[in-house]
Amino acid sequence: MTRSEFISHAALVIIFVLAGLAIFPFYWMFVTATTSDANMFAASPQLVPSLSQLGIFAQIFEEGAVKTWLANSFIIAAGTTVLTLALAIPLGYAFARFPFWGKAGVGIGLLVTQMLPEAVLVVPLFSIFSPLGLLNSYAGLILANTAFTLPVITWILKNAFDTVPVEIEEAAVLDGCTGINALVRVVLPVIMPSVAASAVIAFFHGWNEYVFALTFITNDTLKPASVGLAGFIGEISTPIQSVMAVGVVYTLPAVALYLLMQRFIVSGMAAGSVKG
Amino acid sequence: MASVILNGVRKTFGAVNVIPGIDLEIESGEFVALVGPSGCGKSTLLRMIAGLEEVSGGEVWIEGRKVNDVSPKDRNIAMVFQSYALYPQMTVAENMSFNLRLAKKPKAEIRERVAEAARMLDLEALLDRKPGQLSGGQRQRVAMGRAIVRSPKVFLFDEPLSNLDAKLRVAMRAEIKQLHQKVKTTSVYVTHDQIEAMTLADRLVVLNKGHVEQQGSPLDLYNRPANLFVAGFIGSPAMNFLEARAARGDGHLRAQLADGNALELDPALGVADGQEIIIGLRPELINNDAGEAVCGEVIMIEPMGAQTLVYFSYGGKTVTAIVDGEHRVAVGETFRSGIERRRIHVFDRASGMRRDPE
Amino acid sequence: MSSHSHGTQLARIHGSRWLPYMLVLPGVVYLLVFQGIPLLQEMRLSVSNTSLLNPSRFNFIGVANFSRLLRDPNFFNSIQVTAIYVAGCVIGTIGLGLFAALLMDREFTGRSFVRSLIIIPWAAPPVAIALVFRWMLNGQYGIVNRGLEPLGLMPAEGLWLDNPSLALITVLAITIWQLFPFTAVVILASLQSVPKELKEAAQIDGAGLWAQFHAVTWPVIRPTVALLALLMTIWSIRRFELIWLLTQGGPVGSTNTLVIDLYRRGFIINKLGEAAAVGMVGMAVSVLVTIAYFAVANRATRAEKMR
Ligand SMILES: Nc1ncnc2c1ncn2[C@@H]1O[C@H](COP(=O)(O)OP(=O)(O)O)[C@@H](O)[C@H]1O
Ligand SMILES: [Mg+2]
């Protein structure tokens with residue numbers, strides 16, 4: 001074996017080891033969920049999932065809470081997605097296409113807001129939402145989440161709009177598109193991949209979000225899965241198999257959708273974040 | 001009736017006066033080429049006709065209607081862009097029918113008109129493809145198809161062939177010409193390529209720095225360029241320019257050249273004794289043994305097959321001539337040829353304007 | 001051609017000069033209401049001694065919160081923890097990401113599969129990650145200790161996240177594990193724009209792997225890596241959920257970053273004023289880092305143009 005052959009074999013081994021490390025915790029979550037009580041604390045740990053225990057995933061849904069958590073997460077995430085896109089598409093389009101008074105200021109604002117930790121705004125948002133009755137509501141969480149997704153998604157979409165030649169829009173105008181029609185019928189379809197990637201990013205911001213949900217929601221029926229699942233941390237009365245099974249069910253949609261959209265998301269994130 | 005009229009049309013971008021004022025009338029069914037160097041304002045002018053740019057002053061009339069305040073879609077024009085500007089997510093058929101669909105035309109009519117345009121442009125096999133799956137020439141044809149389908153009153157073309165390679169450009173040029181002969185729609189065609197303009201257009205409008213240098217038929221401009229700019233712009237290879245001083249005496253008019261040579265000119269020319277002038281000689285016309293003698297030492301030759309370009313020194317400059325490919329010439333020899341006296345162009349050096357017999 | 005007049009023109013042919021404002025207004029108003037006003041309120045809080053127990057009572061105390069912070073060893077501890085955490089994240093994610101990207105920047109069977117596997121940690125929710133890592137690092141039954149015990153590598157009493165001398169490094173490792181996929185994939189994308197001919201030319205010139213990297217690859221990916229460094233810095237300063245769920249800032253403050261400290265002061269000790277003051281410090285650091293980044297980046301592009 002020559003030196004360069006050796007290097008490329010070693011590289012392959014390392015890359016597969018890295019990939020293994022990357023997915024091991026998820027694998028382990030699954031293995032734990034399907035380990036029987038007897039094997040859980042046995043002298044040598046069970047290293048592969050046992051298919052006979054798959055019933056655990058049905059079991060966790062029998063209890064109402066898990067279903068409610070996931071449904072709540074879904075509603076919050078979907079709401080965040082819709083609101084974010086509704087605001088970010090016009091904003092990103094305007095940024096890509098038009099001059100307007102205050103453009104530089106708004107640009108700096110969008111940049112600075114990407115630096116604000118959520119934790120900093122928990123208290124003031126709490127005090128704004130409280131008199132408006134937005135605590136303990138989906139709306140409150142959706143509004144708070146969108147404040148944090150909007151800047152990033154705006155930049156991602158602005159960069160996408162920048163790639164669409166102005167002539168296409170002019171052709172659409174000559175073809176008879178008026179006002180916002182050219183955006184909707186011609187430009188948006190062209191950047192659909194970026195819009196879809198933005199939707200996924202916004203959705204999972206809402207799906208994953210924890211601090212606001214923890215602080216704003218005290219009503220159990222409104223808790224999303226992030227808060228519900230976090231409640232298991234340090235708690236010992238629930239069997240670890242059930243906890244991990246809920247973890248799997250909560251993680252799976254996020255990972256699956258990311259994988260579907262990965263090509264667009266990564267380039268979009270890199271281009272969209274913190275770039276003037 | 002004039003189809004398009006520009007009446008003192010001006011355009012400024014901020015403080016920059018791109019088009020100081022243009023008057024132009026384009027007849028119904030005419031094919032007019034706006035030609036000029038890059039940056040001279042051709043696209044701006046075209047886009048003002050389309051309504052994609054607002055005029056800073058003056059009036060634009062299309063088909064007897066003042067359209068200054070008419071939106072682009074209501075001007076009854078179609079435009080073919082340099083980049084084609086096809087909608088990437090739509091099929092060829094959808095691209096071509098977009099305007100008709102927006103105008104809510106009956107489905108049957110749309111289908112028929114798309115089919116007809118596709119037949120005319122040989123696009124029938126491609127109707128279900130997306131622009132991304134087409135070659136450059138095919139995209140170009142779709143862009144024209146999109147324009148034709150609307151049966152507009154005026155076609156506007158902005159350098160539609162400049163993204164194609166040389167061979168395809170010549171082929172598409174012929175197609176555009178045939179198309180115009182078929183549909184006879186008024187066409188305004190912008191290009192910086194004078195050959196394209198000459199071969200396509202009924203009338204050329206030569207633009208320079210936002211104003212019209214000269215307009216006329218291709219041969220008019222070739223034979224009687226009004227000034228040095230047009231003379232240098234039209235024709236390829238470009239006209240040779242030689243500085244000279246006019247000398248009158250005993251009924252003769254001579255151009256005294258820098259290297260001591262002299263050329264006999266038509267004495268009827270409106271040129272005074274001692275006037276500083278520029279002599280213009282077209283390379284392809286320095287081939288006449290009978291005319292005024294033009295000779296000098298050969299500096300370089302470029303054989304091209306049927307013809308050979310000969311570079312020789314004359315009148316203090318390097319002069320280009322085109323001779324038959326059979327003609328043997330060698331570097332260092334003396335090149336002997338001549339040009340008919342009536343083919344010699346004379347310009348006033350100070351104003352750059354053409355001098356004609358009075 | 002200035003895009004300025006072009007844009008105005010587009011707005012006009014779209015029918016209205018007010019179009020841009022109609023497009024921008026909803027988003028701008030939204031951000032003002034849900035980011036601007038809260039931020040101003042937070043600034044106001046930072047000069048008050050408002051308590052969580054009575055959040056509506058405002059009592060101006062000037063810079064007292066800030067001067068108290070300056071005398072508070074906890075605060076300096078959390079500055080130090082933040083600095084270590086941020087530096088560790090930036091170096092770790094970019095180092096490992098660059099390494100992985102270079103390894104993946106070649107044709108091999110299963111490449112897109114491996115790339116998909118590697119991206120998974122970045123896609124997963126922090127709550128799930130904290131949950132599974134706490135289980136894997138469980139002192140008695142965690143798979144990590146069960147694997148390390150036979151090798152004699154288990155830390156004292158099997159404690160990781162509850163061990164003051166190991167907690168920060170463990171949290172860092174988990175963070176890097178979650179984020180390196182992102183840096184790897186972004187760097188990989190920019191590696192793909194390194195011209196092949198250049199690499200081949202360098203090979204013909206006899207350049208070894210390192211020389212090739214230094215002369216050909218690095219100049220192309222440097223701007224991307226710099227941007228990632230900025231992103232990682234800002235994201236690390238902001239990071240709350242993962243750390244909070246893993247350690248809540250403990251044990252004995254060993255993972256108490258500024259953002260964790262701010263949350264503790266606000267919601268555990270109920271001192272909203274002090275919490276806000278800590279938040280201001282965190283923001284200021286982020287903004288300064290960003291300004292420094294753009295200053296350096298601008299100078300770099302200008303130097304590039306001069307050449
Ligand atoms: N939107 C614009 N803003 C400012 N200047 C412009 C704009 N469009 C064109 N120009 C300027 O106007 C001049 C003419 O441009 P154009 O009409 O595109 O030239 P051509 O098509 O003949 O190459 C150029 O100098 C160009 O820089
Ligand atoms: Mg042009």
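**Exercise 1. Determine the strand order of the open five-stranded sheet in chain B and identify its edges.**

Solution. In this predicted model, local features need pLDDT of at least 70 and side-chain atom pairs count only at pLDDT 80 or more, whereas totals for chains, interfaces and linings use all residues. Residues are numbered from 1 along each chain as its sequence is written, chains are lettered from A and ligands numbered from 1 in the order in which they are written, and side-chain values use heavy atoms, with hydrogens and water left out.

Step 1: take as strands the DSSP runs of E with at least two residues (helices being runs of H or I with at least four), numbered from the N terminus, and let two strands pair if DSSP finds at least two bridges between them. Step 2: the order that follows is β13-β12-β11-β14-β19 in chain B, with antiparallel pairing. Step 3: the edges are β13 (262-265) and β19 (345-348) of chain B, each of which pairs on one side only. Step 4: from one strand to the next the twist averages 40°, where axes are lines fitted to C-alpha atoms (for helices over the stretch in contact) and angles run from 0 to 180 degrees between N-to-C directions. Step 5: at the β19(B) edge, four bridges join this strand to β14 (residues 276-281) of chain B in the antiparallel sense, and G280(B) stands opposite H345(B).

**Exercise 2. Find the strands that pair with β15 (residues 292-303) of chain B.**

Solution. Step 1: β15(B) pairs antiparallel with β18 (residues 334-339) of chain B over six bridges, with V294(B) opposite S337(B). Step 2: β15(B) also pairs antiparallel with β16 (residues 307-314) of chain B, over five bridges, and here P303(B) faces T308(B). Step 3: β15(B) and β16(B) form a hairpin with three residues between them, and G305(B) in the turn has a positive phi of about 105°.

**Exercise 3. Classify the aromatic pair of F129(A) and F216(A).**

Solution. Step 1: rings of Phe, Tyr and Trp (its six-membered ring) pair if their centres lie within 6.5 Å, and planes under 30 degrees apart count as stacked, over 60 as edge-to-face and the rest as tilted. Step 2: this rule gives 45 aromatic pairs over all chains. Step 3: the centres of F129(A) and F216(A) are 5.4 Å apart and the planes stand at 70°, so the pair is edge-to-face. Step 4: F129(A) belongs to helix α6 (residues 118-132) and F216(A) to helix α11 (residues 211-216), both of chain A, so the pair ties together parts 87 residues apart in sequence. Step 5: F129(A) and F216(A) are both buried, that is, under 20% relative accessible area with a 1.4 Å probe and protein chains only (exposed is over 50%, partly exposed in between).
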